Amino acid sequence: MYNCLNQVRASYDKGFKCIKYEQNLNGELVIYLKNFESEKIETLYCDDKQEINEIKYFIDLN
């Protein structure tokens, strides 16, 4: 549990920031992260409803 949230936190620790997140028609959260120094982009997917709320809260605070 909280695998996606841990991935988001680890990406933030590496200098990535969320540039956008959205839920697709299946209820899955798609998170787009970008490191503005290296110009790298990561895309993460999460389908755990409880974890999705935690991720949105984390991103909105940071």
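**Exercise 1.** In this predicted model, determine which residue takes a positive phi in the hairpin of strand 2 and strand 3, and describe the pairing of the two strands.

*Solution.* Four residues lie between the strands of this hairpin, and Glu 39 has a positive phi near 65 degrees. The two strands run antiparallel and are joined by seven bridges. Within this pairing, Asn 35 is found opposite Lys 40 of strand 3.

**Exercise 2.** Identify the salt bridges of the structure and state how accessible Lys 34, Glu 22 and Lys 20 are.

*Solution.* The structure has two salt bridges. In one, the side chains of Lys 34 and Glu 39 meet at 3.1 Å, N to O. Lys 34 has a relative accessible area of 17%; because buried means under 20%, Lys 34 is classed as buried. In the other, the side chains of Glu 22 and Lys 20 meet at 3.4 Å, N to O. Glu 22 is partly exposed at 31% relative accessibility, and Lys 20 is partly exposed at 43%.

**Exercise 3.** Examine the span of helix 2 (residues 49-61), its N-terminal cap and the distribution of its buried residues.

*Solution.* At 1.5 Å a residue, the 13 residues of helix 2 should span 18 Å, and the 19 Å between its end C-alpha atoms agrees with this. At the N-terminal end, Asp 48 acts as the cap, with a side-chain oxygen 3.0 Å from the backbone nitrogen of Gln 50. The buried residues of helix 2 are Glu 51, Ile 52, Ile 55, Phe 58 and Ile 59. Viewed down the helix axis, the buried residues fall within an arc of 130 degrees, so they line one face of helix 2. Their cover includes helix 1, strand 1, strand 2 and strand 3. The face turned away from the buried side carries exposed residues, among them Lys 49 and Tyr 57.

Notes. Residues numbered from 1 in each chain as written. Predicted model: local features only at pLDDT ≥ 70, side-chain atom pairs only at ≥ 80, totals over all residues. Heavy atoms only, no water. Expected span 1.5 Å × (residues − 1). Buried < 20%, exposed > 50% of the residue type's maximum accessible area, 1.4 Å probe, protein only. Arc of directions from axis to C-beta. Contact = heavy atoms within 4.5 Å. Polar contact = N/O pair within 3.5 Å; in protein donor to acceptor, adjacent residues only side chain to side chain. Pairing = 2+ DSSP bridges. Salt bridge = Lys/Arg side-chain N within 4 Å of Asp/Glu carboxyl O.
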